[in-house]
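I opened this one to look up a few things and jot them down as I went. Here are my notes.

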There are 2 protein chains.
Amino acid sequence: MSISNEADLPPNLSCLKTIDTLLRCPICFDFLNISMMTQCSHNFCSLCIRKFLSYKLLCPVCNTPMTEQDLRNNRILDDIVQSFQTARQQLSQANFDSPPISPKT
Amino acid sequence: MSISNEADLPPNLSCLKTIDTLLRCPICFDFLNISMMTQCSHNFCSLCIRKFLSYKLLCPVCNTPMTEQDLRNNRILDDIVQSFQTARQQLSQANFDSPPISPKT
Ligand SMILES: [Zn+2]
Ligand SMILES: [Zn+2]
Ligand SMILES: [Zn+2]
Ligand SMILES: [Zn+2]
């Protein structure tokens with residue numbers, strides 16, 4: 001996941017910013033990794049929300065009381081994260097006519 | 001939703017095809033409209049799945065027994081559908097240098 005996690009959207013791809021933001025975990029701000037959805041429809045990485053629930057039995061976003069048993073896999077988000085990262089990379093490359101600057105010329 | 005439901009991705013945006021497919025309802029093949037997720041992690045338009053469940057109490061994708069009470073709003077998908085449609089339109093326009101052909105010249 002580390003390759004394209006940076007906010008590296010070129011200006012001509014700024015329209016992808018909203019999707020980028022939606023696909024990030026509200027706890028770690030990285031792309032969702034094994035997405036779990038709460039009953040209140042909020043999504044987190046599986047590890048992030050389980051760690052959080054070991055301290056407080058609340059949704060970190062809206063404070064609705066909850067337990068680990070209320071979590072449901074939101075698998076489609078994992079697929080969207082993967083496709084989004086691929087698409088973003090391809091679009092970034094397609095939009096730069098010149099080859100990337102190499103550290104040693 | 002009718003504006004950009006057609007498979008109108010220009011060749012240079014073909015990398016968005018996977019996301020496009022993921023965001024469509026397996027019942028009506030249109031973009032998900034008020035997304036509902038089953039316990040088995042499958043997503044449908046609210047109306048499509050409710051209509052289906054009035055005939056059979058099964059998930060239409062994987063045949064897991066279920067009822068309407070098992071459905072959970074998958075709100076993030078509604079937001080992603082909206083952002084995706086906007087982004088796709090902006091990218092399509094940005095990628096066409098020439099103005100669209102008008103029916104009457
Ligand atoms: Zn996280
Ligand atoms: Zn919540
Ligand atoms: Zn539908
Ligand atoms: Zn299913």
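**Salt bridges**

I started with charged pairs, and the count comes to seven salt bridges over all chains. Worth keeping in mind throughout: this is a predicted model.

I looked up A:R50 next. Its side chain meets that of A:E68 in a salt bridge, 2.8 Å from N to O. A:R50 sits in helix 2 of chain A, while A:E68 is in the loop between helix 2 and strand 3 (72–73) of that chain, so the pair ties together parts that are 18 residues apart in sequence. Buried or exposed? I checked A:R50 and got 29% relative accessibility, which counts as partly exposed. A:E68 is partly exposed too, with a relative accessible area of 37%.

Then I went to chain B. B:E68 forms a salt bridge with B:R50, and the closest N and O atoms are 2.8 Å apart. Here B:E68 is in the loop between helix 2 and strand 3 (72–73) of chain B and B:R50 is in helix 2 of chain B, so this pair also ties together parts 18 residues apart in sequence. I noted 36% relative accessibility for B:E68, which makes it partly exposed. B:R50 is partly exposed at a relative accessible area of 30%.

Another pair I pulled up in chain B was B:R24 with B:D20, whose side chains meet in a salt bridge at 2.7 Å, N to O. B:R24 is buried, and B:D20 is buried as well. Both belong to a network of salt bridges that links B:K17, B:D20, B:R24 and B:R88.

**Nonpolar core**

Which residues touch the most other members of the largest nonpolar core? I found A:L23, A:I80, B:L23 and B:I80, out of 53 residues in that core. I then checked what supplies it: in chain A, helix 1 (17–22), strand 2 (43–45), helix 2 (46–53) and helix 3 (75–95) each give at least two residues, and in chain B helix 1 (17–22), strand 2 (43–45), helix 2 (46–53) and helix 3 (75–95) each do so too.

I picked B:I80 for a closer look. Leaving aside neighbours within four places in sequence, B:I80 is in contact with A:L22, A:L23, A:L77, A:I80 and B:L23.

**How the chains relate**

Last, I superposed the copies. Chain A can be laid on chain B with an RMSD of 0.0 Å by a turn of 180° and a shift of 0.0 Å along the axis. That is the relation of a two-fold axis. I also compared the interfaces: 100% of the interface residues of chain A are interface residues in chain B too, so the copies meet through the same surface.

Note on methods. Residues are numbered from 1 along each chain as its sequence is written. Chains are lettered from A and ligands numbered from 1 in the order in which they are written. This is a predicted model: local features need pLDDT of at least 70, side-chain atom pairs count only at pLDDT 80 or more; totals for chains, interfaces and linings use all residues. Side-chain values use heavy atoms; hydrogens and water are left out. Copies are superposed by least squares on the C-alpha atoms of residues with pLDDT of at least 70 in both. Contact means heavy atoms within 4.5 Å. A nonpolar core is a set of buried Ala, Val, Leu, Ile, Met, Phe, Trp, Tyr and Cys residues joined through side-chain atoms within 4.5 Å. Buried means under 20% relative accessible area, exposed over 50%, partly exposed in between (1.4 Å probe, protein chains only). Helices (H or I, at least four residues) and strands (E, at least two) are DSSP runs, numbered from the N terminus. A salt bridge is a side-chain nitrogen of Lys or Arg within 4 Å of a carboxyl oxygen of Asp or Glu.
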